[in-house]
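Student: May I ask for a close look at one place where two helices meet, together with what surrounds it? I should like to know how such a contact is described.

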Amino acid sequence: MPRGPAMIVLIRKTVSQMLEVELPTVVVLGQSLLSRLSEVSGFARNVPVELDVFSQLACFLETISIIVIELQKGRESSPLISGILEALSRDVEIASQLVQLAINKSRLQLAIQRSNLVKQLENVVHDLGRSLSLVPLSSVQNDENIKALINSASQQMQKAYFHTTEMQRGSLHSQEGNMLNKWDSGCDHGSQSDDSRHYEQRHIEPLYEAFVCPLTKQIMQDPVTLENGQTYERSSIERWFKECQDNGRKPVCPMTGQELRSTELNPSIALRNTIEEWTGRNEIAQIDLARSSLTLMSSDEDILCALKDIQHLCRKSRTNKYRVRNAGLIPMIVERLKTGVEQVRCRALETLCVLVEDDEDNKEAIAEADYIRTYVKCLSRELSQEREEAVSLLLELSKSQSLSEKIGSANGAILILVGMTSSKSENNVAVKNAEKTLENLEKCDKNVRQMAENGRLQALIKRLVEGSEETQLEMTNYLAEVVLSNDGKALVAEKAAPTLVNILGSGSLPAREACLKALNQISSYDVNGKILIEAGILPPLIKDLFTVGVNHLPIKLKEVLATTLANVVNSGSEFESAPIDADGHTLLSESIIHNLLHLISNTGPAIEAKLLQVLVGLASSSQAVLNVVTAINSAGATVSLLQFIDAPQRDVRIASVKLLQRLCPHMGQELADGLRVSTGQLGTLISIMGANGLTEEHAAAACLVANLPERDAILTRSLLDQGAFPVVVGKIDEVHHGETRGSRFRTPYLEGLVGILARFTFLLDDVAVLALAKQYNLASLFTDLLQTNGFDEVQRLSAVALENLSAYSKTLSRVPEVSKGGICANLFGCLFSPSKPTGLCPVHHGICSSKNTFCLLEAKAVTKLVACLDHENVLVVESSLAAICTLVSDSVDVERGVYILDKADAIQHILDILQENKTEVLRQRAVWIVERILRIDDLARAISADPKTNTALVDAFRHGNYNTRQVAEQALKHLNKIPNFSGVFNKIS
C-alpha cells in the first residue's frame, strides 16, 4: 500500500473519479466505518504486550469515530465526503492488520520486529491524519467545536511519533532474549541510514512480510533458509550464529528459539528473484511518481521529496540511473536549476551529482552545452552551499576526458573555478573540489591556455618544461600571447627561465620567435632580471643582436630582442660581471659598447630607441657608467648621441635625453660644449620642457639641462637667448601650484626646472639676467619653493639660489642721498645737522626689497632657511646654512646680522649642527658662522657656558682642515680658551 505523498496522490485521484461516478451514500459508508473503528479500537487495547503505541492508536480511532458521526448528520450523498470515508476505511483496514499481527506474534517475535511494526503504525496514523485534513469544514455546518476537533486531530495524527522503551522488552528474561537485546543494539541493520530505511518502506506495491528479514527489518537481498524452514538475510544470520558461538551456546533460530543441528544456509533463489522483480516494479513506479512531481505545477516540497527519492534510487542501484535517464528526468532536473528557490537548486545539483557518479552515459547526457552553462551560472551564486554542489557536479563531469574541453568552453567556467581556488571566503571542500576540477580540465590543451589567461600557469609551465619539442613550441606560443600579471611573470621566470633560454639559444626560428616574445614579457617585471641573468639570457641576446648576414634575425625580432635586453639591463640586477661570450667579455667591455653605438647609428628608429635604453641601463650603474663614458669618448660618439635629441620619434628622444642625463655628471662639460655648437638641440630641449602636459620626456629634458655645469656662463647665456627663463618660471608656477598634480614625473620635472632657474643666479653680473631676476622676483619665488616639503632637491636648489641672490644684495642696495638744507644750511651750518635716511636695511644699510635687491629679510626667507637646518637631508642643511652665512659676511653689518639670527632662533640650530659634526662641509660652515656670533660679547658669554660647544670647537681646532682650524682658533680666543696673543695660524684674511 502506498504511503505518504503517494497516498495523497491516490486520494486526490479517487476523489476526482468520484465526481464522475455514482458512489454509496455517506450514511452507509459512515456506518460501516464506525463498526470497523469500534472493532479495531477494542483489539488495539487488548494487545498482550506492553506497547503504548496501540493505546495511542485506539485513542486516535475513537476520535475519528466522533468526527464520522458528525459527518453523517443531515447530509445527502457527497462524492467528496464519500471519497474521504473510503480512504479512512482503507487506512483502518491496514491498522487492523497490524493489530492482528501483534496479537498473533510471540513475545520474542514482537521484540525482534518491534521497530518495524511501530514505524508502520506511525505511517498509518499519518495517513489517517492526511485524510482528515481533506474534510471540508463546511460539511459540519456551524459547529465550531467539531471544526476545531477536525483541525486538531488531523494535525496531531500527521505529526504523531511513536517510540518504544527498554521496559517494553522487560518480559524477555530468557537467555535468548538477552542475547537478542545485545545483538539488536549492536546491529547496524544493513548499515543503512535513516533515510534509506525510510525509503525502503515507501512502496507502490504492497510489501510482503516474506520479503523482510526478521533480524534487520529490511528487504532481503540474499535470502537464505535454515533447516527449520525460516528465512533470513545471509549476512544477518551469519552474524547471529557468530554471536551464539561467542556466547558459548549452540546455534538456535532467532524467531523460534529452536536449537539447530546444522548452520548450513540454503540460498532461496526463487525468493530472491521474486524480491528483485518486486523491487524493480516498485522502483520504476517510484521514478514515474517522481517524474509527475517535477512538473512546474508541483509545490517546492513535492519537488524536494521527488529529488530525494531519485537520489536514493540511484544510490541503491546503477540500473536506476539508466531508468532515470530513459524516463527523461535529466532535463526536468536541470530545469529546476532555473527556479528562484535556493533549496530546490541545491537539491537538484546534488541529484545530478549522484546521477553522474561512475556513469559515463549520464555524464554525456548531463553535460550538454546549454546544461553546462547553467551549472557554471550556479558557481557564481551567492549561496555557498549551491556553489559547493555546483563545483562537485563539475568535478564529477571533469573526470571524463571527453567532457573536459566542453566544460572549459563554457563562458566563465575556468575563470570562476580559478577564482574559487584562491578565495578566502569559500569553504575548504569547495576550494579542494575546484582545485581537483581544474586538475582534471588540464587534460585539454585549450583549457591550459584559458587557465594561463586567467592567471593559473602551473599546467602550462609543466608542459613547457617537461613536454616534447612540439609541446614546448605550442606552450611557448601560448605564453607569448597570454598577458601575464607580475605574479605570473615571476612564476614563469622561476620555473621555466632555463628552458626558455635554452630554446632561445638552440631552437628553431619559430620557437625562438615565440620564446623571445615570452621572454620580453617576463623581463618587463624588474624582479625577474636577476633570474634571467642567472639563467644565461645575456649570451644568446647579444649574439643574435650583433649577428649579421644569413643567420641574422628579422628586424622585427631584433626589436623584441633589443627590448628584452633593455628590460634586463634596466631591472636593477647585477649584470656587470655576467659573461656574454666564451672570451669572458661582459656588457662593460669597450668593444661591446662600441658595437652598441655602431648599431644605434646604423639601424631603424624602433631598434635605436631600445638600444639607447640599453645604454641608459648601463649608465644607471655606478660601476658601469665610467665604462660607458670611456667608450663614448673613445668612439667620438658624443655629437651623434646629441643629435638624437632632434629625432622625430618620441621614444628615441626620451631614451637619448635619459642617457645624456645619466652621463651628464661624468661628462657634463663635453655635453655642454656639444650643445653650444649644435644646431638646435638646446632649443629642442627647451621646447620639450615648455610643451603642454607632464610626461617622462618633459622630466628627462629638464633634468638634463639642470645637470649641465651650472657655472658655464656661455651655456647659461645660450639658454637665455633661447627664451628658457620665462618658460621655466611659467612651468614652475604651474607645477608648484598644483596644475599638473598626479603625474609620477612631477618630482623630477620640478627638480629639473628649479635647477635650470637656479643656474641663472650664478650669472647675476649679466644685465639681462639681473633684469629678469628682478622682473620675476626670484627671491620671493625661491623662498616659496623652500617650503616645498617632500622635494629635497627643490629645497636644496632653492637655498643655493637664495645664497647667490643674497650675496648680490649689498651690491644692489643703495643709500639715498641726504638733503643739504639749501642756502641757510650753508650760511648757518653750525645751526643745522644733516638729516639721517630712514627705512634702511639693518644688514645692508641701504634701501632693500625682495624684488630689486633680493634681500632675505625683505623676502621673509630667514625663518624658512632656519627651519631647513633641521632637515633630514644633510645637503639641504648645507645649502641653507650657506645662505644664512650671507647675513654675517664681511660685506654686511655682522653685528646686526648676528642679532637678526638670534631673533630668528637660528643660533641654537647652528650650535647643534656644530656639535653633531655630520659632514666636514657643515662643520666648516658652522665654525665660520659661530666665530662671527662669538664676536658679540653677551652672546659669547652665554655660549661659553655650554661645554658641548666648547668641545666641538676644540675638536674642529684639532681635526678640521686648514681653514676650519684657523677659524676655530679665532672662535676659541673669543671664549678665552686661547690667549689673544697666540698665533698658531696666520691671521684670518
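Tutor: The answer below begins with the whole chain, turns to the helix pair, and then follows its surroundings.

This is a predicted model, in which local features need pLDDT of at least 70 and side-chain atom pairs count only at pLDDT 80 or more, while totals for chains, interfaces and linings use all residues. Residues are numbered from 1 along each chain as its sequence is written, and side-chain values use heavy atoms, with hydrogens and water left out.

The protein chain contains 51 helices and three strands, which are DSSP runs numbered from the N terminus (helices H or I, at least four residues; strands E, at least two). Of its 989 residues, 51% count as buried; buried means under 20% relative accessible area, exposed over 50%, and partly exposed in between, with a 1.4 Å probe and protein chains only. Among contacts (heavy atoms within 4.5 Å) between residues at least 6 apart in sequence, 69% join residues at least 24 apart.

The pair to examine is helix H37 (residues 724-736) and helix H40 (residues 778-785), which pack at an angle of about 35 degrees with axes 12 Å apart. The axes are lines fitted to C-alpha atoms over the stretch in contact, and angles run from 0 to 180 degrees between N-to-C directions. The crossing of H37 and H40 is left-handed, that is, the near helix is turned anticlockwise from the far one by less than a right angle. On the side of H37, Phe725, Val729, Ile732 and His736 make the contact, and H40 brings Leu778, Leu781, Asp784 and Leu785. These residues divide into six nonpolar, one polar and one charged. Here Ala, Val, Leu, Ile, Met, Phe, Trp, Tyr, Cys and Pro count as nonpolar, Asp, Glu, Lys and Arg as charged, and the others, Gly among them, as polar. An α-helix has 3.6 residues a turn, so residues three or four places apart point the same way.

Ile732 of H37 also leads to another helix. Leu750 lies in helix H38 (residues 746-759), and its C-alpha atom is separated by 6.5 Å from that of Ile732, 18 residues apart along the chain. Because its relative accessible area is 0%, Leu750 is buried. Not counting residues up to four places away in sequence, Leu750 touches Ile732, Val735, Thr788, Phe791 and Val794.

Within the residue range of H40, Phe782 deserves attention. Leaving aside neighbours within four places in sequence, Phe782 is in contact with Val754, Leu757, Ala758, Thr761, Ser798, Ala801, Leu802 and Leu805. Phe782 also stands beside Leu538, Leu618 and Leu757 among the residues with the most contacts inside the largest nonpolar core, which has 186 residues. Such a core is a set of buried Ala, Val, Leu, Ile, Met, Phe, Trp, Tyr and Cys residues joined through side-chain atoms within 4.5 Å. Helix H33 (residues 650-677) gives the most to this core, with eleven residues. A second, separate core of 51 residues includes Leu329, Leu355, Ala413 and Ala434.

For a parallel case elsewhere, consider Met157 in helix H6 (residues 144-158). Met157 counts as buried because its relative accessibility is 0%. Met157 and Leu128 are 29 residues apart in sequence and 6.9 Å apart in space, C-alpha to C-alpha. Beyond residues up to four places away in sequence, Met157 touches Phe60, Ile64, Val125, His126, Leu128, Gly129 and Leu132.
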